[in-house]
Amino acid sequence: MPGRAGEVSGLLLLAASGLAREVLAVPGLLQRHASVTLLDDDPARWGTEVHGHPVRGGLELAGEYPDHRLLVCVGRGAARRAVVRRLHGLGVRPDRYATVVHPDVRVPPGCRVGRGSVLLAGVVLTADVEVGEHVVVMPHATLTHDVVLEEFATVCAGVQLGGGVRVGTGAYLGMAAAVRERLVVGADAVLGMGAVLTADLPPGETWAGVPARPLRRPVEVEG
Ligand SMILES: CC(C)(COP(=O)(O)OP(=O)(O)OC[C@H]1O[C@@H](n2cnc3c(N)ncnc32)[C@H](O)[C@@H]1OP(=O)(O)O)[C@@H](O)C(=O)NCCC(=O)NCCS
């Protein structure tokens, strides 16, 4: 759902991030919303602007925008999850979240894109793809038939997913990674950029390489 036709509510972007700027660059987004406001927990950003749109203050101000649609623009799935939980505590209902799909992206019948999710330019969904809530799919990722992206998953640019791949909640697939058909990427797992995954990736683990293997130590991803 690339925003409802005729939508005129304001849009509140949570975090003045690179992802927020990518969302602002999606054609048609500004026409669908009366205004765009950003919130960010970094006080150094308060009072600044992002591409002409004001950063008003911390995320706790979200409750002051009851007529706005919201979008969490935090690159890491675990951090997006934490923000959504915080917003829930502030009384933000799940139906308040916007869904942003670049107008070049075709969502065929039988595919579903959840609330709060972002699909950037050039993403391909072939058939019966299920994208959960608060998922981010970066440019030119390919989601083939029966792929499932669970909530808070992050799929970076150029990732290729074979048919029936399931990506668990909060998992992160680095740029240009490829995943063989029917494999499962566990919850909160990380697959390094350029990896070729040929076996299921257990929850919480970080794998990289061709073929992908566990990295020697736990890691934090940025973005
Ligand atoms: C896998 C990843 C998360 C590891 O990050 P990290 O903890 O900072 O890891 P390091 O850079 O310290 O590397 C640890 C080891 O893994 C290797 N390594 C890291 N990433 C690798 C990758 N993608 N493929 C193969 N090996 C990799 C390093 O060479 C290093 O090996 P060494 O110990 O022999 O020197 C990270 O490299 C990655 O791929 N992130 C995704 C980046 C991305 O797609 N960003 C998109 C932003 S929009």
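These are legends for close-up views of one chain, shown as a predicted model.

**View 1. Two domains and how they sit relative to each other.** Here the chain splits into domain 1, residues 11-96, and domain 2, residues 100-207. Take the C-alpha centre of each domain, and the two points are 23 Å apart. At the contact between them, 17 residues of domain 1 meet 16 residues of domain 2.

**View 2. The side of domain 1 that touches domain 2.** Three elements each put in at least two residues here: helix H1 (18-24), strand S5 (69-72) and helix H2 (77-89). H2 gives the most, with five residues. Sort this side of domain 1 by class and you get ten nonpolar, three polar and four charged residues.

**View 3. Helix H2 from end to end.** How far apart are the end C-alpha atoms of H2? They are 18 Å apart, and that agrees with the expected span, because 13 residues at 1.5 Å a residue should also come to 18 Å. Just past the helix comes Gly-91, which has a positive phi, near 95°.

**View 4. The two sides of H2.** Which residues of H2 are buried? They are Gly-77, Arg-80, Val-83, Val-84 and Leu-87. Looking down the helix axis, these buried residues fall within an arc of 120°, so they line one face of H2. Over on the other side, Arg-85 and Gly-89 are exposed. So H2 carries one arginine, Arg-80, in the buried set, while Arg-85 is in the exposed one.**View 5. What the buried face of H2 packs against.** The partners of the buried H2 residues are strand S1 (11-14), S5, strand S14 (154-155) and strand S17 (172-173). S5 also turned up in View 2, as one of the elements supplying at least two residues to the side of domain 1 that touches domain 2.

**View 6. An open, parallel sheet.** Five strands line up in the order S9-S12-S15-S18-S21, with parallel pairing, and the sheet is open. At its edges are S9 (124-125) and S21 (196-197), each of which pairs on one side only.

**View 7. Zooming in on S18 and S21.** Strand S18 covers residues 178-179 and pairs with S21 in the parallel sense, over two bridges. Which residue of S21 stands opposite Val-179? That residue is Leu-197. For S21, an edge strand, pairing takes place on one side only.

Terms used: Residues are numbered from 1 along each chain as its sequence is written. This is a predicted model: local features need pLDDT of at least 70, side-chain atom pairs count only at pLDDT 80 or more; totals for chains, interfaces and linings use all residues. Two strands pair if DSSP finds at least two bridges between them. Helices (H or I, at least four residues) and strands (E, at least two) are DSSP runs, numbered from the N terminus. Domain bounds come from an automatic or database domain assignment. Two residues are in contact if their C-beta atoms, placed from the backbone, lie within 7 Å. Ala, Val, Leu, Ile, Met, Phe, Trp, Tyr, Cys and Pro count as nonpolar, Asp, Glu, Lys and Arg as charged, and the others, Gly among them, as polar. The expected span of a helix is 1.5 Å times one less than its number of residues. A residue is buried if 20 or more other C-beta atoms lie within 10 Å of its own, exposed if 12 or fewer, and partly exposed in between; C-beta atoms are placed from the backbone. The arc is that of the directions from the helix axis to the C-beta atoms.
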